[in-house]
Amino acid sequence: MTSDHRSVVRRSAPPESATRPLGTPLSPAVAYWAPDADALDAIYEGGAAGFTYGREGHPNWQVLAEKLDWMEGAAGGVLMGSGMAAVGAVFLAVLKAGDHVVAGDQLYGRSLRLLNEELPRMGVSVSLVDATDGAAFAAAIRPETRLALVEVVANPTLRVADMPAILAACRARGVALAVDNTFTTPRLYRPLAEGADYVIHSVTKLLAGHADVTLGYVGARAPEAARRVYDISASWGLTPAPFDCWLAERGLHTFDLRFERAQANAAALADRLAALPGVEAVLYPARPDHPDHNRARAICGDEGGYMVSFRLRGGRAVANRFLRAAEHLPFAPTLGDVATTLSHPASSSHRGMSPAAREAIGITEGFIRVSVGIEDPGLILPEFEAAVAAAGAAAPDPAPAPAPAGGMAAP
Ligand SMILES: *Cc1c(COP(=O)(O)O)cnc(C)c1O
């Protein structure tokens, strides 16, 4: 054996090629080989482009972040291992003990838990307010308020935040505003262009779009804020794996097409559901019967997004029959997949709330949230019709509860 076995153990360079790869190569390397100490110095000091160690950043992480920066108009952005890592990174970047946060009271469930259960432990106080009420939001700001967090369209009621009033109040009082743009996506709303300081995404959802990767993103309007978020992510170890970034980048290539198809399907589904006798109310921001329709139009134009919620007449038994009858529509706790998925907030995302508190915001046992996919509408619309009919027909529930105040408009 004359071969040098070191080249088998450590192959350090890709084979030479006069051509370049058309797609982004997957780069799973944890560490990068620098020519000498000066070269490493230049990278650490920001004078030279390059990578050092996977947790500090890697090519797939950078390629994807730059695409999201461009979509959101961010000065800089950082990818992390999940949407919750992204929410947490903004908290860690901005807050210290003694500070106060104002946040919407209908945020993603885990965001609410992070605010309610973890921040107070670190000496940060939190006020949760109805983000559809701009005056109430402004009134909750205190001298020690450092950060506000809102979602433009709330899960699962699809209520629309009073973004102009919230932006104005944060600007006037010097409060940093972070917007979780997961539901709206940059197709419907671009928070940084409107004056927000941070935009947050669960890339897991429609941006990656195939329910096979968990990722989060924070984009910042100011370069120094982006650098701060980067340091938090690297120091707290929130950096995602190369393959996840590679998958998400591949998904992102079809984001526009998927968004348009899913939105068109959602609008058609909302109208179809509203015409069914078994459906008590439909919530879709682009429909005139949505309680925040005018605000939704001002913020997002005529586009209503890809989420539809509706309330079946009746309680848990009707919801169960509907879910079982919709046998090709997965009842699964995610959203933004290529396939349509169903969720039942009373038993999942909102199970921690009392039934009375749930009903107060319109989430009954018959409440179903739909993440509409890109299927042929000729397949999914009839399936919804049949499942709603099957849910009511098998054994009618007693008379429905009266519509809760502040809930949803009747169709
Ligand atoms: C899913 C979701 C999150 C959390 O994202 P993960 O990737 O699941 O950690 C945060 N905000 C919103 C609005 C979400 O839908």
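In this predicted model, a polar side-chain atom of S202 sits 2.9 Å from an oxygen atom of the ligand, a polar contact being a pair of N or O atoms within 3.5 Å. The backbone joins in too: a polar backbone atom of G83 comes to 2.8 Å from a ligand oxygen, and for M84 a backbone N or O atom lies 2.9 Å from one. Of the 380 Å² of accessible area that the ligand has on its own, the protein covers 92% (Shrake-Rupley method, 1.4 Å probe).

The residues around the ligand (a heavy atom within 4 Å) include Y108, E151, D180, K205 and L215. By type, this shell splits into four nonpolar, five polar and three charged residues, with Gly counted as polar. The ligand takes up the largest pocket, a pocket being an open set of points on a 1 Å grid with protein on both sides within 12 Å along at least five of seven lines.

As for enclosed space, the structure has one cavity of 30 Å³ or more, where a 1.4 Å probe fits but cannot get out. The largest cavity has a volume of about 80 Å³, taken as the space filled by probe spheres set on the grid points. Its lining (an atom within 4 Å of a point) has 13 residues, and V153, L188, P285, G304 and G305 are the closest to the centre. Nine of the lining residues are nonpolar, three polar and one charged. Domain 1 (37–252) and domain 2 (255–391), with bounds from an automatic or database assignment, both contribute to this lining, so the cavity lies between them.

Residues are numbered from 1 along each chain as its sequence is written. Local features need pLDDT of at least 70 and side-chain atom pairs 80 or more, while totals for chains, interfaces and linings use all residues, and side-chain values use heavy atoms, without hydrogens or water.

Methods:
Polar contact = N/O pair within 3.5 Å; in protein donor to acceptor, adjacent residues only side chain to side chain. Sits in = over half its atoms within 2 Å of the grid points.
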